[in-house]
Amino acid sequence: MKTVLKKSITFIFTVLLVTFFVFIAFELIPGDAATARLGTNATPEALAKLREELGLTRPFFVRYFSWLASFFFGDMGTSYSYGVSVRSMLAQKLPITLTLTLMSFILTVAVSIPIGLLTSKYEDRAVSTVLDVTGQLTMSVPPFFLGILVTYIFGMILHMFTPGGFVSYNVNFVRFIGYLVFPAISIALPKAAMSTKLLKTSILSERNLDYVRSAYSRGNSTMDVLYKHVLKNAIIPVITFLGMTLADIVAGSLVIEQVFSIPGYGRLLISSIANRDYPVVQAIIAIIAMIVIIINLLVDILYRVLDPRLRDM
Amino acid sequence: MLNVTDLHIEIEDSFIPETVVHDFDITVSAGEIVGIVGESGSGKSMSALAIAGLLSRKDMKKRGSILFEGEELLTTPRSRLRQIQGDDIAVVFQEPMTSLNPVKKIGWQVEEALRIHSDLPDDELKKAAIRMLKDVELDDAENIYDKYPHELSGGMRQRVMIAAALICDPKLLIADEPTTALDVTIQAQIIELLKRINREKGTAILFISHDLSVIRSLCSRVVVMNKGRIVESGSVEEVFNNPKEEYTKHLIGSIPGFTKIAHVTQSENTDKILEVDNVSARYKKITGYFQIGSKQKLVVKNASFTMYKGEIMGLVGESGSGKTTLGKTILGMLDDTEGRIVHYSQRPQMIFQDPYGSLNPTKTIGWILEEPLRINTDYDKEKRSARAKEMLSLVGLDESYLSRKPNALSGGQRQRVCIALALMMDPKLIIADEPVSALDVTVQEQVINLLVKLNKELGISILFISHDLKVVYELCSRIIVMKDGVIVEQGTDKEIYDNPKDPYTKQLLLSAGYTD
């Protein structure tokens, strides 16, 4: 109960801090929504008029807290550039970015755990070395470059998908998923390589512990020792890593959306920053922060399920 | 039942094969308790693990014969070996703290061997596990069944390990230093438990220990090992009363057996060196953002005593009694303390229990020894190094050790370095926190003699913190007994040992086997 309260406080503080810093950042960088919309040739009168209309003349804290208050009640304001409700714009794009993030995360887990087990099991065989080297290579490639590589190999050569041929979820869900698989691979591979390596090292060090010897002394086979005893212990540091990786995956998906021309939050965020479209930027950043925190909360709960020693803390 | 002949164990490490066990022979008949005794590195645990089929590392080569009930275990396939492991041969290990899987419930681990070796349904397994837990004198068995290892004390965990080992009613129980990590009173209970199991169920026990007095009280026959070889074997009476080999004589001679090291006399000096007046210490537990320190645990409660110059004073208690905390409090290492501590000397020093963890493994001994001088004095390099050399030779190590790193040293050598380190600032008071507990008996004796020498020659007063009443008896002239953070009794050695007033002191003496 205490933990839930603690986490909720963290949640609120983080969202407050993140949005506040974004507000400050926009104060500091030159240019505003009015100059962005009217261009450099606009008359000072026209600029002043637009600023008045957009509410930019109000003091900084008034603007921040009025934004915060309306955000709290679900009103994210109106986009300066498009003149439509930010909420409806984002609601439409949320499933795209969320699906990409979740697919990347699931892929990371689904790839790294079996391979981690495999490499630790055959640590002194050739297959393990091959996987180790592949992992090392994958780890050192930045996701956007991997994205270009994936586009080239799977799109241009193998024709498994049409680069740039994104289909939205409300048009054809199967093709939507089919298209997102490839950007998800680009995001997930480096992360999967890291968590594979972590799981392997973790398993190998767990195997030297005393309880493993006890398990063998009761007549367990090597497989049983691995699955019934070692795995649950070895997975704990990997969960920590995956939790931290999630923020990375969200950030990675913003970049990858550019590479694969996916109309998700990433592209919207970049164009909105260029247009000084504060309401959109604020809302996207607040939502991403919330997603990251919620998933971290889930990881924390998972921790306590896995490790009884943490339950009393 | 068990017949081991000519067992050799070789480690093929870094191209040079090293034989760690030579010509090992042992027989254990049904229902018998046989002991293997030796110091660390003697190969006793290695031999026992080989018998249990637990030495399967690829770089270990085994030769010879291990016959168990007529079956050759060295050549038997793994699948057959697994049928024997846990069912006919079971093992209890030294470290109850780490030998249980931390993320699995006690019940699950106790029933594991039975689950592997039988087809019993879950409810039958549970019944058997609870029966077994009760059998090892864990009264609250139903409750413990659903607990996790970290919720139990060391003694309870060792009982759980024994229950897990005995659940299939094995013919042979291999107990590898099962009491070494436990407090004396708990040690005595575990030994009694093993005796009872042997008597009631007829389980044969192969008991491995470095502790000769434990072996003596439990076993009928004993094998003495040194450097991978059997030095001597025979019945316990024969070996203990009439040892033939030099090494055995030396080993038996090193057992602290409630004998005073002759030249320790009570200090007649009445100059105080330390006054502790009504001191309490607590640990804060951070429980949340807004409740820092709301849960406090009082670890030392209203302790008062006085130490005089040139005295060796014993501070006795079991783990969790607060004796280490009191030591740290005296040196000002803790923040949240109350009461008055008056030092009549400068720069008192502390020596810690674990000589392995106390020295930075990446630095040379010279660097480590000079550190206090670098921080506290303006001595130049030459002066510092001269002092380090001098202190090393005082603790019996030559100057070649200056350039070595801690890993290249044995436990006893490391503890000497720790003592030299404490001496660097020329203290008049040393607090030694279990300085010999992690060491072998023969090495223990050397370190104790060294402390006595420092006391006699340099006049250093020592507050000797220990759980071992025999060692304390050897060198202390006055003794403080602590339990649950409270000093229950203090007095001269005669008063404490021959006329204990507090029931806890009496119990401690009884567990340690002290008879007037």
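**A six-stranded sheet and a chain contact**

User: In this predicted model, what is the strand order of the open sheet of 6 strands in chain B?

Analyst: Happy to walk through it. This sheet of chain B is open and its pairing is mixed. Its neighbouring strands are turned by 20° against each other on average, direction ignored. The order reads β15-β16-β17-β13-β18-β19.

User: Which strands are the edge strands of that sheet?

Analyst: An edge strand here pairs on one side only. In chain B that applies to the strands spanning 349-351 and 486-492. They are β15 and β19.

User: Which residue is the bridge partner of Val481(B) in β19(B)?

Analyst: Let's begin with the strands: β18 of chain B covers residues 478-483 and runs antiparallel to β19(B). The two are joined by 6 bridges. In β19(B), the partner of Val481(B) is Glu489(B).

User: At about what angle does helix α14 of chain B run to β15(B)?

Analyst: Helix α14, residues 411-423 of chain B, lies across two strands, β15 and β16 (429-433). Its angle to β15(B) is about 175°.

User: Turning to the contact between the chains, which element gives the largest share of the side of chain B that touches chain A?

Analyst: Chain B brings 25 residues to the contact and chain A brings 21 residues. On the chain B side, the elements giving two or more residues are α2 (78-84), β6 (89-92) and α3 (106-117). The largest share is 4 residues, and it comes from α3(B).

User: How many residues on that side of chain B are nonpolar?

Analyst: The side of chain B that touches chain A also holds 9 polar and 4 charged residues. The nonpolar residues number 12.

How values were computed. Residues are numbered from 1 along each chain as its sequence is written. Chains are lettered from A and ligands numbered from 1 in the order in which they are written. This is a predicted model: local features need pLDDT of at least 70, side-chain atom pairs count only at pLDDT 80 or more; totals for chains, interfaces and linings use all residues. Two strands pair if DSSP finds at least two bridges between them. Axes are lines fitted to C-alpha atoms, for helices over the stretch in contact, and angles run from 0 to 180 degrees between N-to-C directions. Two residues are in contact if their C-beta atoms, placed from the backbone, lie within 7 Å. Ala, Val, Leu, Ile, Met, Phe, Trp, Tyr, Cys and Pro count as nonpolar, Asp, Glu, Lys and Arg as charged, and the others, Gly among them, as polar.
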